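This report follows the architecture of one protein chain, moving from its strands to a few individual residues. Please keep the sequence and the 3D view at hand while reading.

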Amino acid sequence: MNRTLKTSAACLGIVLGLAATGTAWAQDAVNLRMTIWSANEAHLAMFNEIAEGFKATHPNVTVTFDSLPFDSYTTTVTTQIAGGNPPDLAWILETTAADFVNSGALAPLNDAFAAIEGYDLWDLSIPATELWTRDGQLYAYPFSTSPFAMFVNNDLITAAGAKTPAELIAAGEWTWDNAFATAKAVADAGAADGLVVRDFNFQNWQNLASIWRGWGADPWSADGKTCAFADQPMVDAMTAIHNAMFAEGGMPGPGENVDFFAGDAAMTITQISRASLLPKEDPFAWDLVPLPAGPAGEYYVIGQAGVGVFGKSANKDVAVEFLGYMTNPENSQKLAQFFPPARESLLNAETLGSTNPLLSAEQIQTVVIDGISRGVVLPGHTNFAQIQQTIRSGLDALWVPDADVAAVLGNVCSSVSPLLAR
């Protein structure tokens, strides 16, 4: 009897030990759902490859990537959370980082990541993780720290008789005055538009930070409590943008659907992950250059996206484990093909050059590395959804030819100030 009890106890101990170490056959099937806003085939292929790598050691775990439309992404995710059906993991925009991190909705990551052999938590850039950290605890991994830059169609610019941005850079003349002049020259030639800010569409006004930061403008004070739209730097920057649209015609106005990657514009401001959209058939001569200098000098603007695990996920622990696998050094290098990494060990021309073969060593240094190390993140705020909508509504009056820029921006501050002061 004693021998039987000992044998049974030993077997039970083995089973419990295997379950504790995550051995798949001792566990039930787990289906993880991760929401993302990309439906790009190359992105999805890479994510699925990483998920298959995780499945090799976790055969019971299946990861599904749920692509949601960008324009309604955050609203859809928060609706799912409110409805009791949160995703296990989700991409999170930099503009809403404060809401997600400070609300307690996300699971803490430090201890789990530190326990992963070879994860090297110390390798994560402190500036890159700042938005996603509270009281020293990391709540989302910044998988993409992507500088805004200017993609250029040199064929259209040369045909219009204008200097290319590369020529202006070589002459020390790559400024917003000259960039707007180039945009006007192309638009006047009639074959295409001059300059488009991708994903702005007169809705996502925060993307205009890629221009107005050149004037030293910000939407609110450093503590987030005081509106700065009516301050002179913003008035000057918005006046320059308004002139480019309505007086000079170098930027498309409301209702115009312009796609640089389809050859419809000479220049576009966007992030380097958009390089995957460059045409494979009938390509044009393209370039990628830093943002022009403004009256406030040279500057860099970066967009960030984090991945977090929701604390209410039924599979929270497995989801955190998958996130740790997805962002380990090896997979971070894979992600770097499209999404500039937060790991300092990967921020070098050799690594980024191997994962971004379309970019030259100079482009990687001046656009990517310099942008990440020196850039300021797009503006974000707690209660951003309401603030974003309030400002967007106020700016509607700006997008007409005879707008009084200063008056419109003053009205914006009147509308949003009570929200900022909360």
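Two strands are said to pair here if DSSP finds at least two bridges between them. With that in mind, and bearing in mind that this is a predicted model, the pairing around strand 10 can be read residue by residue: Pro 147 stands opposite Ile 302 in strand 10, and this position belongs to the pairing in which strand 6 (residues 141-153) and strand 10 are joined by five bridges and run antiparallel.

**Overall form**

The protein contains 17 helices and 11 strands. Its radius of gyration is 24 Å, close to the 22 Å that the globule rule gives for 422 residues, so the protein is as compact as a globular protein of that length. Taken along the principal axes, the C-alpha atoms fill a box of roughly 95 × 50 × 35 Å. Of the 422 residues, 50% count as buried, and among contacts with a separation of 6 or more, 76% are accounted for by residues 24 or more positions apart.

**Strand 10 and its partners**

Strand 10 (residues 301-309) is mostly covered, with nine of its nine residues buried. In a regular strand the side chains alternate between the two faces of the sheet. In strand 10, Val 301, Gly 303, Ala 305, Val 307 and Val 309 point one way, while Ile 302, Gln 304, Gly 306 and Gly 308 point the other way, and all of these residues are buried.

Besides strand 6, strand 10 pairs with strand 3 (residues 89-93) in the antiparallel sense over five bridges, and Ala 90 stands opposite Gly 308 within strand 10. Strand 11 (residues 376-377) pairs with strand 10 in the parallel sense over two bridges, with Ile 302 standing opposite Val 377 of strand 11. Ile 302 therefore faces Pro 147 on one pairing and Val 377 on another, a pairing in each case requiring at least two bridges.

Another pairing lies earlier in the chain, where seven bridges join strand 1 (residues 30-36) to strand 2 (residues 61-67) and the two run parallel. The bridge partner of Leu 32 in strand 2 is Val 63. Between these strands the chain passes through helix 2 (residues 41-57), and the resulting β-α-β crossover is right-handed.

**Helix 15**

Helix 15 (residues 361-374) has 14 residues and reaches 18 Å from its first C-alpha to its last, close to the 20 Å expected at 1.5 Å a residue. Its buried residues are Gln 363, Ile 364, Val 367, Val 368, Ile 369, Asp 370, Gly 371 and Ile 372. An α-helix has 3.6 residues a turn, so residues three or four places apart point the same way. The elements that cover the buried residues of helix 15 include strand 6, strand 9 (286-289), strand 10 and helix 14 (349-355).

**Individual residues**

The table sets out the accessibility of four residues.

| Residue | Relative accessible area | Class |
|---|---|---|
| Thr 268 | 1% | buried |
| Ser 313 | 8% | buried |
| Asp 199 | 23% | partly exposed |
| Asp 282 | 74% | exposed |

Thr 268 is found in strand 8 (residues 265-271), and its side chain reaches the backbone oxygen of Val 196 at 3.0 Å. Not counting residues up to four places away in sequence, Thr 268 touches Ala 149, Met 150, Phe 151, Leu 195, Val 196, Arg 198, Phe 260 and Phe 261.

Ser 313 lies in the loop between strand 10 and helix 12 (316-326), where its side chain reaches the backbone nitrogen of Asn 315 at 3.0 Å. Leaving aside its neighbours within four places in sequence, Ser 313 is in contact with Pro 87 and Asp 88. The C-alpha atoms of Ser 313 and Ala 107 are separated by 9.2 Å, although these residues are 206 residues apart along the chain.

Two aspartates merit a look at the backbone. Asp 199, in the loop between strand 7 (193-197) and helix 10 (209-212), has a phi near 70 degrees, a positive value in a residue other than glycine. Asp 282, in the loop between strand 8 and strand 9, has a phi near 50 degrees, again a positive value in a residue other than glycine.

Note on methods: Residues are numbered from 1 along each chain as its sequence is written. This is a predicted model: local features need pLDDT of at least 70, side-chain atom pairs count only at pLDDT 80 or more; totals for chains, interfaces and linings use all residues. Side-chain values use heavy atoms; hydrogens and water are left out. Buried means under 20% relative accessible area, exposed over 50%, partly exposed in between (1.4 Å probe, protein chains only). Helices (H or I, at least four residues) and strands (E, at least two) are DSSP runs, numbered from the N terminus. A polar contact is a pair of N or O atoms within 3.5 Å; within protein, one must be able to donate a hydrogen and the other to accept it, and residues adjacent in sequence count only if both atoms are side-chain atoms. Contact means heavy atoms within 4.5 Å. The expected span of a helix is 1.5 Å times one less than its number of residues. A crossover is right-handed if, with the strands pointing away from the viewer, the path from the first strand over the helix to the second runs clockwise. The radius of gyration is taken over C-alpha atoms; the globule rule is 2.2 Å times the number of residues to the power 0.38.
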